[in-house]
Amino acid sequence: MNEYVPGLEGVPATRSNISFIDGEKGILAYRGYPIGQLAEHSSFEETALLLLDGRLPTAEDLVQFDSQLRTSRRVKFNIRSIMKNLPATGHPMEMLQTAVASLGMFYPGIEQLTGPNAAQNLDYIHRMSVRIIARMATLVAMWQHIRHGYDPIAPRTDLTYAQNFLFMMNGRDPDPFIAKIFDTCLVLHAEHTINASTFAALVAGSTLATPSAVISSAIGTLFGPLHGGANERVVEMLNKIGSPENARQWLEKQLDVKEKIWGMGHREYKVKDPRAIILQRLVEKLADYRGGKMSRLFDTAQALEEAAEVRLAEKGVYPNVDYYSGILYSELGFPTDQFTSIFAVARSTGWLAHWREQLRYNRIFRPTQVYTGEALRSYVPISERR
């Protein structure tokens, strides 16, 4: 009988050279480059191309890729019509999964993925990756206006990826400082090895599904509160705590009844998530930039982290990426229910990098099971059943 491992914890599902985690040392690297260096020196566009192609691009390659992203931001009016007919009360992640899935109908190409040489069509793979990455941000920003009864703001080609998203969300030219902070957030969320949503993308990709179907599968998986949806829960939790003074007592009550502390702990990290460290610094920079004018979320979060360190550090439970990303997104003015869809905008680059890698060495996923049901038995006619 095969051994059953709940959640496939620690079970290698694939080989990959895209990203690397050392959970004991708190290291995350994309293609060998530490996340701290990329957050400081790189841009989202450069990081995306690094993940897709496996190397830091030349200046010429980056200009070409950036230009491709800028000219691919628009979507056909049919997709806007679909979005306008969705319930305004629907969650942005449900909208995003629906809209991304529909992209395959308006930008077809399934015939490109048939046969054993699917991975060799690099032009198609690259073209579809560019289109999806470019339009993910467009769809999220469009929904912010459509769900409130307004026409969306058209994208611009004279702005960077981060700047254009902020412009489409707010309708005004973005503050360069804020745009840089948001660009760094996109870099931090772009990739994180074989997590649940990336695994969903791999499984879908292994069937030679279209790239829009692959990314739609990943979006649906990211939606769960135990994955990408946790950043929303962090803000709700901090608002419930109310103030730094309440943090310790609230934590004790939660631990006494064995309730989850949102944004705390990670299956991979036994120390503080390196992305959480960088995000915390970004919140501090934003506070300095604003002359200290911030909500109480950050102070409450820091007080809760200090209290949690006393109780949970010995168990290897520290803040993860969701803990400070929700605070930062809240301070940037994003609605709470948009946090996870913004996460998906960035993570689409990692998903597409893994999709490309999966095609190269493809074999359809077909795991086994440990059967716990009845032994073979005979069918009983309904008249004889008691």
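Me: How do the residues lining the largest pocket divide by class?
Reply: In this predicted model, the lining of the largest pocket divides into 16 nonpolar, 15 polar and eight charged residues.

Me: And what volume does that pocket have?
Reply: The volume of the largest pocket comes to about 1400 Å³, and 39 residues line the pocket.

Me: Which of them lie nearest its centre?
Reply: Nearest the centre of the largest pocket are Ile194, Asn195, Ala196, Arg267 and Glu268.

Me: Which helices and strands supply at least two residues of the lining?
Reply: Strand 1 (19-22) does, and so do helix 9 (196-206), helix 15 (321-331) and helix 16 (339-360), each with at least two residues in the lining of the largest pocket.

Me: Switching to helix 16, where does it bend?
Reply: Helix 16 bends at Arg347, by about 40°.

Me: What span should its 22 residues give, and how far apart are the ends?
Reply: At 1.5 Å a residue, helix 16 should span 32 Å, and the C-alpha atoms at its ends are 32 Å apart, so the two values agree.

Me: How many of its residues are buried?
Reply: Of the 22 residues in helix 16, 21 are buried, meaning under 20% relative accessible area, so the helix is largely enclosed by the rest of the structure.

Me: Back to pockets, what volume has the second largest?
Reply: The second largest pocket has a volume of about 610 Å³; 22 residues line this pocket, and Pro12, Ala13, Phe365, Arg366 and Pro367 are the closest to its centre.

Me: How does that lining break down by class?
Reply: The lining of the second largest pocket has twelve nonpolar residues, along with five polar and five charged ones.

Conventions
Residues are numbered from 1 along each chain as its sequence is written. This is a predicted model: local features need pLDDT of at least 70, side-chain atom pairs count only at pLDDT 80 or more; totals for chains, interfaces and linings use all residues. Side-chain values use heavy atoms; hydrogens and water are left out. On a 1 Å grid over the protein atoms alone, a cavity is a set of points where a 1.4 Å probe fits but cannot get out, and a pocket is an open set with protein on both sides within 12 Å along at least five of seven lines; lining residues have an atom within 4 Å of a point. Grid points are joined across faces, edges and corners, and a volume is the space filled by probe spheres set on the points. Helices (H or I, at least four residues) and strands (E, at least two) are DSSP runs, numbered from the N terminus. Ala, Val, Leu, Ile, Met, Phe, Trp, Tyr, Cys and Pro count as nonpolar, Asp, Glu, Lys and Arg as charged, and the others, Gly among them, as polar. The expected span of a helix is 1.5 Å times one less than its number of residues. The bend at a residue is the angle between axes fitted to the seven residues ending there and the seven starting there. Buried means under 20% relative accessible area, exposed over 50%, partly exposed in between (1.4 Å probe, protein chains only).
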